[in-house]
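I opened this model to look at its surface, its strands and its aromatic rings, and I kept notes as I went.

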Amino acid sequence: MTFKLMKMFPAMVAAFLSLNAANAANGNCDNKCPERCCETSCKHVNGTCGPVLSPTGPVIDYNGWDIHVSALYEQVRVSGTEFAYSDIPTTGGIPISGSVLNVKGSMDWGFQVGVGYVTESDEWRLGANYMFFQSNSKKSASASFNNGYVPIDVVASLTSPVLTAVDTVSSNLKMTFNSLDLNMSRGAYMGCQFALTPMVGLKTAWIDFKQNTNYAGGSILVNDTVNVNERSKFWGIGPDAGFGSRYDFGRSGFLFYGDADVALLFGNHKLTNTQRFSANQSNDVFMRESVNNLSPVARLGLGFGYETFMCDCKQSLAVRAGLDVQYWWNQHLNFDISNSSPVQFSTSEDDFSLHGLLIDVDWHF
């Protein structure tokens with residue numbers, strides 16, 4: 001990404017901590033909240049008290065708002081990005097001895113922002129969360145002695161004679177990911193230290209895959225090239241459900257968290273496939289298709305955090321860090337090409353995943 005999230009995130013954390021320190025210096029804050037009167041011996045670590053299933057509100061007296069900002073450092077893995085295979089010898093026929101080339105995602109930065117409001121009547125939290133992630137990955141290879149590469153999903157008759165093998169191949173895969181979640185939840189302490197927060201809501205996502213592949217050299221192309229552009233653009237919406245959980249280590253402020261949710265998105269994929277031979281551009285291939293399908297989604301987060309109270313228990317600040325994993329089924333759609341006569345086009349459905357580190361700052365005020 002063009003902006004430096006690595007530099008921005010520590011600055012935000014420092015600003016929050018500086019605010020806390022300044023208020024403490026003025027005598028307005030105390031990390032230890034006063035205890036409520038209880039008819040039970042169970043006093044929860046966040047300052048509330050009461051029987052099992054009592055609300056998990058983080059402070060005793062606050063306005064009900066919370067915001068969070070997260071930095072993500074994750075890797076994307078996309079199925080269905082194969083673009084060539086090596087062959088010894090490069091005859092374009094049997095026998096075949098080689099390996100398949102595909103594009104493997106690199107580690108990239110993304111971010112999340114969210115806002116929530118807790119109702120006064122029964123402490124339901126209404127929340128919204130937006131996530132952005134972008135990845136740009138590349139794979140290339142060159143032939144050695146008695147070795148070449150056979151293109152995958154290229155119309156062989158695009159060239160004359162038909163394209164069987166090339167000397168150099170390169171492919172670039174770019175993914176742009178946006179998602180927006182709207183949900184409602186209500187947390188409850190299952191005991192004095194363990195809290196569970198069920199959640200239901202609505203998820204929507206915009207996902208765009210662009211793969212550009214170039215083939216050059218070999219006995220057929222010589223000094224010419226074949227370029228293939230593939231695009232899979234998705235928008236979908238559907239129900240989302242899950243839970244958040246936390247275990248507090250006494251009144252130390254340290255906690256362990258575990259979050260999980262699943263969604264089922266109904267959406268539309270717009271596919272295009274363009275192929276061009278530099279020596280004869282009148283032989284261009286341009287295929288397009290629109291596909292509706294159901295796409296399941298699952299997300300899991302595990303990690304540790306620290307929460308502190310501020311300003312006479314009217315505010316709280318939590319910092320969390322942990323593992324974030326997402327899996328999206330049936331999301332990377334593409335054309336499969338069979339070089340029979342005539343050429344046959346079919347649609348394949350592949351998955352992708354995101355996994356890596358999430359660092360989150362959560363402020364209740």
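**Nonpolar patch.** I looked first for a nonpolar surface patch and found one of about 1100 Å², made by Met190, Phe194, Tyr247, Phe249, Phe254, Phe256, Leu300, Leu302, Phe304, Tyr306, Leu323 and Val325. The elements that give two or more residues to this patch are β11 (254-277), β12 (285-310) and β13 (315-338), and the largest share, 4 residues, comes from β12. A patch here is made of residues with over 30% relative accessible area and no salt bridge, with like charges joined within 9 Å and nonpolar side chains (Val, Leu, Ile, Met, Phe, Trp, Tyr) within 5 Å. A salt bridge is a side-chain nitrogen of Lys or Arg within 4 Å of a carboxyl oxygen of Asp or Glu, and accessible areas come from the Shrake-Rupley method with a 1.4 Å probe, counting for residues only the protein chains shown as cover. Strands are DSSP runs (E, at least two residues), numbered from the N terminus.

**Source notes.** The model is predicted, so I kept in mind that local features need pLDDT of at least 70 and side-chain atom pairs pLDDT 80 or more, while totals for chains, interfaces and linings use all residues. Residues are numbered from 1 along each chain as its sequence is written, and side-chain values use heavy atoms, with hydrogens and water left out.

**Small sheet.** I then noted an open sheet of 3 strands in the order β3-β2-β6, with antiparallel pairing (two strands pair if DSSP finds at least two bridges between them). β3 (100-101) and β6 (148-151) stand at the edges with a single partner strand each, so one side of each is left without a neighbour in the sheet. Strand β2 (residues 84-87) is joined to β6 by 4 bridges, and Ser86 has Tyr149 in β6 as its bridge partner.

**Aromatic rings.** I recorded 14 aromatic pairs, where rings of Phe, Tyr and Trp (its six-membered ring) pair if their centres lie within 6.5 Å, and planes under 30 degrees apart count as stacked, over 60 as edge-to-face and the rest as tilted. Phe177 and Phe352 are edge-to-face, 6.4 Å centre to centre with 70° between the planes. Phe177 lies in strand β7 (residues 168-185) and Phe352 in strand β14 (residues 344-364), so this pair ties together parts 175 residues apart in sequence. Phe177 is buried, with a relative accessible area of 0%, and Phe352 counts as buried at 1% (buried means under 20%, exposed over 50%, partly exposed in between). Phe256 and Phe304 are also edge-to-face, at 5.2 Å and 65°; Phe256 is partly exposed at 32%, whereas Phe304 counts as exposed at 53%.

Technical notes. Buried means under 20% relative accessible area, exposed over 50%, partly exposed in between (1.4 Å probe, protein chains only).
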